[in-house]
Amino acid sequence: MRRTLAEFRSFDRPIQLLQLNQAGINLGFYMLMPYLAQHLSTGAGLAAWTIGLVLGLRNLSQQGLFLIGGTLADRLGHKPLIMLGCALRTVGFALFGLTTSLPWLIVAAAVTGFAGALFNPAARAYLACEAGERKVAAFAVFNVFYQGGILLGPLVGIALLNAGFTAVCLCAAGIFAVLTVLQGLWLPSRRAPVAERRPILSDWRRAFGDRAFISFAAAMIASYALSYQMYLALPLEVERVGGGESGVMALYALSALLGIAGQVRVTAWCAARWSRGRAISRGLALMGIAFLPPALAAGHLPPGWALLPLVACTLLLTLGTLAAFPFEMATIADMAGERLIGTYYGVYNLLSGVGILAGNLLAGALVDAGRATGAAGLPWALLAAAGLISAAAVSRLDRRQRLPAAGQVATA
């Protein structure tokens, strides 16, 4: 942690504030969201399909509007979009705690999701612009604070549940209100010069027509489908082998602690040995390899040992993510050039959301099929293959020099 703190102190105040802001965003989000479905069922008395509707609308309004949020960040400036996103999430989370009416819950879900679509691309674009040639290091520290919020959020939420779900929601809303004020007071404004602006459709055509960028985004889709298995396939398997909720929480804690303790060291180690493209491709390969232990062990271990392959999967999956993430974020920013970073992050997040949805549907179907046919290792083997194919695709782009080198920024 000393190395992480030293790296954090080496950045200017705007970058430090953005990194702390991300910890606060994840703290507020994860102290509420893990317990929302249960509240909607027992507290609001909603049927299962309406709970799915509310949660699905939240995700759809975020993933589907990332492009809008990124474009607005490039047009209006990064700071206003970060502040507006935090303010809207204040409203959305407060609504979750103050109403059990389905129409208002749908409004809360849509507002909460749209808020994420506003501040996520804007914060990453601001960080990339401010960090300059130190993008990789800045995103490494950013991920430490990101993981810290994920670790603390559920613990704070479960402690506050003793005072009721409304207290959880209002405290989470209060965190976002404080973040809104902090950005307003201490975050300097950044916006593209008026002379450089072009029609929005022209910017979108450039992003979607950038073959190297779209190829990179397509190659990276599998990584998001794989990382999301921390919330789908792995918990289902933990439950199946008798680990229960405590086993699931232990895996989440293990992943978050590894991210907090290891991100800066892993990034420095990779940067000293590999180019950005190699760091990303080898991180992806490690994410794929992570699914081999459960693939090989599925159905062959006694109950007391069945959790070990899942622990190994979690460790390797997290390490692969740590290796790839900072270089991935820096690569996107350099491909965009300074004028369209928000738009490029918006497109990238939109495509990643499609990958998560498709990956979840496919992984869920494979898990069901594997259990029905007795081929329990098949889903894990196919997930491993997806990671290795993704790694090969990124490696090919790197060999063909389709990915920018460090400090190489695209121009309009």
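Cys270 is buried, with a relative accessible area of 3%. In this predicted model, the sulfur of Cys270 lies 19 Å from the closest cysteine sulfur, that of Cys313, which is too far for a bond. Cys169 is likewise unpaired: the nearest cysteine sulfur belongs to Cys171 and is 9.5 Å away. Because its relative accessibility is 0%, Cys169 counts as buried. A disulfide would need two cysteine sulfur atoms within 2.5 Å, and the count for the structure comes to 0 disulfides.

**Aromatic contacts**

A search of the whole structure finds 14 aromatic pairs. Among them is the pair of Phe213 and Tyr348, which is tilted, with 6.4 Å centre to centre and 40° between the planes. Phe213 lies in helix H11 and Tyr348 in helix H17, so this pair ties together parts that are 135 residues apart in sequence. Both Phe213 and Tyr348 are buried.

Tyr348 also pairs with Tyr224; the ring planes stand at 80°, so the pair is edge-to-face, and the centres are 6.1 Å apart. This contact again links distant parts of the chain, with Tyr224 in helix H11 and Tyr348 in helix H17, 124 residues apart. Tyr224 is buried at a relative accessible area of 18%, where the cut-off for buried is under 20%. For Tyr348 the relative accessible area is 0%, so Tyr348 is buried as well.

The two pairs that involve Tyr348 are set out below.

| Pair | Centre to centre | Angle between planes | Geometry |
|---|---|---|---|
| Phe213 and Tyr348 | 6.4 Å | 40° | tilted |
| Tyr224 and Tyr348 | 6.1 Å | 80° | edge-to-face |

Elsewhere, Phe29, Tyr30, Phe93, Phe96, Phe119 and Phe176 form one aromatic cluster. A contact between a charge and a ring involves Arg134, whose charged end sits over the ring of Phe11, 4.1 Å from the ring centre.

**The second largest pocket**

The second largest pocket has a volume of about 250 Å³. Its lining is made up of 17 residues, and those nearest the pocket centre are Ala225, Gly359, Leu362, Leu383 and Ala386. Helix H11 (211-227), helix H17 (341-373) and helix H18 (378-399) are the elements that give two or more residues to this lining. Helices H11 and H17 also hold the partners of the pair formed by Phe213 and Tyr348. By class, the pocket lining has 13 nonpolar and 4 polar residues, and no charged ones.

Terms used. Residues numbered from 1 in each chain as written. Predicted model: local features only at pLDDT ≥ 70, side-chain atom pairs only at ≥ 80, totals over all residues. Heavy atoms only, no water. 1 Å grid on protein atoms, 1.4 Å probe; cavity = no way out; pocket = protein on both sides within 12 Å on 5 of 7 lines; lining within 4 Å. Points joined across faces, edges and corners; volume = space filled by probe spheres on them. Helix = DSSP H or I, 4+ residues; strand = E, 2+ residues; numbered from the N terminus. Nonpolar A, V, L, I, M, F, W, Y, C, P; charged D, E, K, R; others polar. Phe/Tyr/Trp six-rings, centres within 6.5 Å; stacked < 30°, edge-to-face > 60°. Buried < 20%, exposed > 50% of the residue type's maximum accessible area, 1.4 Å probe, protein only. Lys NZ or Arg CZ within 6 Å of the ring centre and 35° of its normal.
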